[in-house]
Amino acid sequence: MACAAALEEQGRERQDWKIGVDIGGTFIDFCALETITGRVASLKVLTTPDDPGAELMTGLSLLAEREGLDPALVSRFVHGTTVGINTVIQRRGASLALMTNAGFEDVLELARLRMPDVYSLFCSRPDHLIARDMIFGIPARMRADGSEALAPDLAAVARAAANARAKGAAGIIVSFLHSWRNGAQEAAVRAEIERAAPELFVFTSSEVWPVIREYERTTTAILNGYVHPRVAGYLTALEDRLASRGMKAPALLTRSNGGVMNAAEGKRSCVHMLLSGTASGVIGAAWLARRAGEKHVLTLDIGGTSADFALIIDGEPQFGTGELIGEFPLHIPSVAVSSMGIGGGSIASIDSHGVLRVGPESAGSSPGPACYGRGGTDATVTDAMAVCGWLGHSQMAYGQLQIDVSLARAAIARLAERIGRTPEQAAQNILDVAISEMFVEVEKLASRAGVDLREFTLMPFGGGGPMLGAFLAREFRMAKVIGPPRPGVVSALGGLVADLRGDFIRTVFTELTPAALPSLQSALDSLTTEGGGWLAEQGHGGPATLNLSADMRYVGQSFEIEVPLLAKWLSETDLEAIEQAFHAMHARLYDFHDPDGEIEIVNLRLAAIGEGPAVELAVEASEEGARMRPERYIPVFIGTATEEIGLYRRDLLRPGGRFSGPAIVAQEDTTFAIPPGTEVAVDRHLNLQLTFPE
């Protein structure tokens, strides 16, 4: 008996689990990898909006029960959450005050003097996150060169802090002119606030994101402070809950830039995790695409409330700034994702003109689509799929849901009666509208990027992506669709495989001339030191990469483009290489460049990347050409008529297997709907490869 116990303990010691977790609007997704065997365990649990984090404990209990996962044997735990972005969207953040230069109290009201929709007579800008009477002007002025023209009036700071506290502020944001060049005045004001009102938290714009342009710098700092109490409280509770389960691995958080950071930084740098969920999905998709040999991919992530699109070019996600968080711009590097309010829970309705609409309102997880049987009565996209016959043949979400087609039919029938359709016709109309809405948004994305989607492969994931993805790809005449083995948990996988990634910026604002090289080299040295220090603080001791880029423009232009650079071009004073890199990027984006134009560098950027874990998934031998037979045939309404089509079980499909559409592939985390005329092959990674005839 003692020997058996020793062997069991020895087996436990050899176990090593890595877990990625992603919380969406409807489900929390788990992707757990047992690294010794390459076995992947995945799971979905319905979210608990009233108690964020409780669903995480439920999921860990289910993994322990079903897979034998011991939290004490977890070596990596990565977590993405929507707590921050939901706080902004729902306007449930902290009450804030803003201190800025006297005379510049209207920085938020003036913004960029743009209306969201210049052609609408009823267009209005959103209410600001800080009320006008909570903005305080402080006598102080820093010159553009970083020298001080007027020292901050600290007595005025103390009075403003007391006034803010009396009005109920929980925190104060400090954003002064030209703090990107010199943050000393903001630091002095912060110190005075901490002395005069120590119970208030304080963030300065130069510590959050020290970039030129006061509006962008200010709004980014405000978003950071607005979500800080809820995010910090959530992360503290998360760490406590994990510790109570005996988990020794530190909690890592996914970032908007597709990387990860530790929880301690997440409590202060909350703004860097606002888009963590959407970014993780793209990172996971890029990893899967490289593994499958796909270079150019359009990702389609459909959850319960939204559809997210992104481009992967040459195997790498695309990055950008200026993403919208609710109605507010976020000016930090983020994985470039376009989103719209079309998801599985999106509600179909008839407007005042009798036109069928889909979204952006969603049934969410509670009550959810009518077919979930949780009290929902509105017709949704998921209900439409069920009425057409694509859903309802197996349990969903790893046994958490059983589709009730009768409830879906009742919800669709009420809407169908209003437009003079049968329930099946109305359901098909809902799906057609949803796909057409997505078509418009994807076309905009492709136009902005200047790409031809016929050269791209679509990778649908999330719970709803596989249901609608092939139909969308067919509209764009894309050559291929690739369906990963576990599409429902790709975002969780993204966190599991992600690198540590920190982004750092220095505004230099100089013309590209030999005289500017010393200041550019000094800025690069400072960025390199900061990036290396950040990786060390994260506990990273392995391979690291420092990627340099610059925001550049021709003199006289208003905005910049980001250009990748090599550090040696600065150290070797190779101005021509920097110039040619800018000209080439400008020509790529605008089909034009001016070889004689004078060039400015506005910002230097550095991405400090610590290589993530080496993850290996099992690869199975292929049996080429084997035709797969469906488990059974079921009636599905396709277009205008009902057809008997094959139902396949995903866990029974083997590498090399082939079959033709129309068909349904049912699995634990989602359902693949495969249109007529589609050829399907299973590759050695167990991806579904869907191709369409010419």
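Let's start with the big picture: the chain holds 18 helices and 37 strands. Its radius of gyration is 27 Å, close to the 26 Å that the globule rule gives for 694 residues, so the chain is as compact as a globular protein of that length. Keep in mind that you're looking at a predicted model. If you drew a box around the C-alpha atoms along the principal axes, it would be roughly 80 × 75 × 60 Å.

How much of the chain is tucked away? Of its 694 residues, 56% count as buried. The surface that the chain does expose comes to about 28,900 Å², and carbon and sulfur atoms supply 51% of that. Now think about who touches whom: take the contacts between residues at least 6 apart in sequence, and 68% of them join residues at least 24 apart.

Time to zoom in on helix α6, which covers residues 184-196. At 1.5 Å a residue, its 13 residues should span 18 Å, and the end C-alpha atoms are indeed 18 Å apart, so the two values agree. Which residues of α6 are buried? They are Q185, E186, V189, E192 and I193. These cover an arc of only 125° around the axis, which means they sit on the same side of α6.

One of that buried set, E192, has a partner in the helix: its side chain meets that of R195 in a salt bridge, 2.6 Å from N to O. The two are 3 residues apart in α6, so about one helical turn separates them. Are E192 and R195 buried or exposed? E192 has 11% relative accessibility, which is under the 20% cut-off, so it counts as buried. R195, on the other hand, is exposed, with a relative accessible area of 57%.

The chain has 26 salt bridges in total. Another one links E207 with R190, whose closest N and O atoms are 2.8 Å apart. Here E207 belongs to helix α7 (residues 205-208) and R190 to helix α6, so the pair ties together parts that are 17 residues apart in sequence. E207 itself is partly exposed, at 38% relative accessible area.

For a longer reach along the sequence, look at R605 and D551, which form a salt bridge with their closest N and O atoms 2.9 Å apart. R605 lies in strand β30 (residues 599-610) and D551 in strand β28 (residues 544-554), so this pair ties together parts 54 residues apart in sequence. Both R605 and D551 are buried. Salt bridges can also share partners, and in that way R190, E194, E207 and R268 are joined into one network.

How values were computed. Residues are numbered from 1 along each chain as its sequence is written. This is a predicted model: local features need pLDDT of at least 70, side-chain atom pairs count only at pLDDT 80 or more; totals for chains, interfaces and linings use all residues. Side-chain values use heavy atoms; hydrogens and water are left out. Helices (H or I, at least four residues) and strands (E, at least two) are DSSP runs, numbered from the N terminus. The expected span of a helix is 1.5 Å times one less than its number of residues. Buried means under 20% relative accessible area, exposed over 50%, partly exposed in between (1.4 Å probe, protein chains only). The arc is that of the directions from the helix axis to the C-beta atoms. A salt bridge is a side-chain nitrogen of Lys or Arg within 4 Å of a carboxyl oxygen of Asp or Glu. The radius of gyration is taken over C-alpha atoms; the globule rule is 2.2 Å times the number of residues to the power 0.38. Contact means heavy atoms within 4.5 Å. Accessible areas come from the Shrake-Rupley method with a 1.4 Å probe; for residues, only the protein chains shown count as cover.
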